[in-house]
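User: I've got a chain on my screen and would like to talk it through. Can you take my questions one by one?

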Amino acid sequence: MKKSLLCILLALLLCLSLGAPALALTNDDWHVYDLAEVIDDDDTNENALEELCWQTGDRYGVGLYIVTLEDFHDYTDGDDIDACARGIYEANDFGLGDGKEGVLLLISIVV
């Protein structure tokens, strides 16, 4: 459990500085996009994460988004995961308020 939490926090820190391509996600109401299908098949986990994202937005006034990908290289040129995260964030109009405040946690299975 500690190792999983540490991995998630490290990925979050990596994604705080976001950078170019586009991944158009289809549902504006969702905050969790498990494209790599790494979240347990039981919808309970995804629903709990979705609720956490909504609560964070309400409490702190920022959008919190979680996106999992098989390979981030499919969505960007080169090895710049920051550019990939920025592209996803901007292409999907993530964030709250005029400044589009928010955090994207991008998890790529292939690094």
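User: Let's start with the cysteines. Is C53 buried or exposed?
Analyst: Keep in mind that this is a predicted model. C53 has a relative accessible area of 0%. The cut-off for buried is under 20%, so C53 counts as buried.

User: And what about C84, buried or exposed? How many disulfides are there in the structure?
Analyst: C84 also comes out at 0% relative accessibility, so C84 counts as buried. As for disulfides in the structure, the number is zero.

User: How is the chain laid out, and what pattern does it follow along the sequence?
Analyst: The chain has three helices and three strands. Going along the sequence, helices and strands come in the pattern α-β-α-β-α-β.

User: What share of the residues counts as buried?
Analyst: The chain has 111 residues. Its accessible surface is about 7000 Å², with 55% of that belonging to carbon and sulfur atoms. As for the residues that count as buried, the share is 36%.

User: Which element gives the most to the largest nonpolar core?
Analyst: That core has 14 residues, and V67, L69, I88, F94, L104 and L106 have the most contacts inside it. Two or more residues come from each of β2 (63-71), α3 (81-91) and β3 (102-110). With five residues, the element that gives the most is α3.

User: How many residues are in the other core?
Analyst: This core lies apart from the largest one. Among its members are V32, I39, L64 and I66. In general, nonpolar side chains in soluble globular proteins tend to be buried together. The number of residues in this other core is six.

User: Which side chains meet in a salt bridge?
Analyst: A search of the whole structure turns up one salt bridge. Side chains of opposite charge can pair when their charged atoms come close. Here the N to O distance is 3.4 Å, and the side chains are those of D93 and K100.

User: Is K100 buried, partly exposed or exposed?
Analyst: K100 has a relative accessible area of 31%. Buried needs under 20% and exposed needs over 50%, so K100 is partly exposed.

User: Which residues make the nonpolar surface patch of about 220 Å²?
Analyst: One of them, I109, lies in strand β3. I109 has a relative accessible area of 43%, so it's partly exposed. The full set for the patch is V38, I109 and V110.

User: How far apart are the C-alpha atoms of V62 and V103?
Analyst: V62 is in the loop between α2 (43-60) and β2, and is partly exposed at 23% relative accessible area. Leaving out residues up to four places away in sequence, V62 touches T56, G57, L96, E101 and G102. V62 and V103 are 41 residues apart along the chain, and their C-alpha atoms are separated by 7.3 Å.

User: Which residues is S108 in contact with, leaving aside neighbours within four places in sequence?
Analyst: S108 is in strand β3, and its relative accessible area of 11% makes S108 buried. Leaving those neighbours aside, its contacts are L69, E70, D71, F72 and I81.

User: Last one: what separates the C-alpha atoms of S108 and L35?
Analyst: Along the chain, S108 and L35 are 73 residues apart. Between their C-alpha atoms, the separation is 9.7 Å.

Notes:
Residues numbered from 1 in each chain as written. Predicted model: local features only at pLDDT ≥ 70, side-chain atom pairs only at ≥ 80, totals over all residues. Heavy atoms only, no water. Core = buried A, V, L, I, M, F, W, Y, C linked by side-chain atoms within 4.5 Å. Buried < 20%, exposed > 50% of the residue type's maximum accessible area, 1.4 Å probe, protein only. Helix = DSSP H or I, 4+ residues; strand = E, 2+ residues; numbered from the N terminus. Salt bridge = Lys/Arg side-chain N within 4 Å of Asp/Glu carboxyl O. Patch = residues over 30% accessible without salt bridge, like charges linked within 9 Å, V, L, I, M, F, W, Y side chains within 5 Å. Areas by Shrake-Rupley, 256 points an atom, 1.4 Å probe, with all protein chains shown as cover. Disulfide = S-S within 2.5 Å. Contact = heavy atoms within 4.5 Å.
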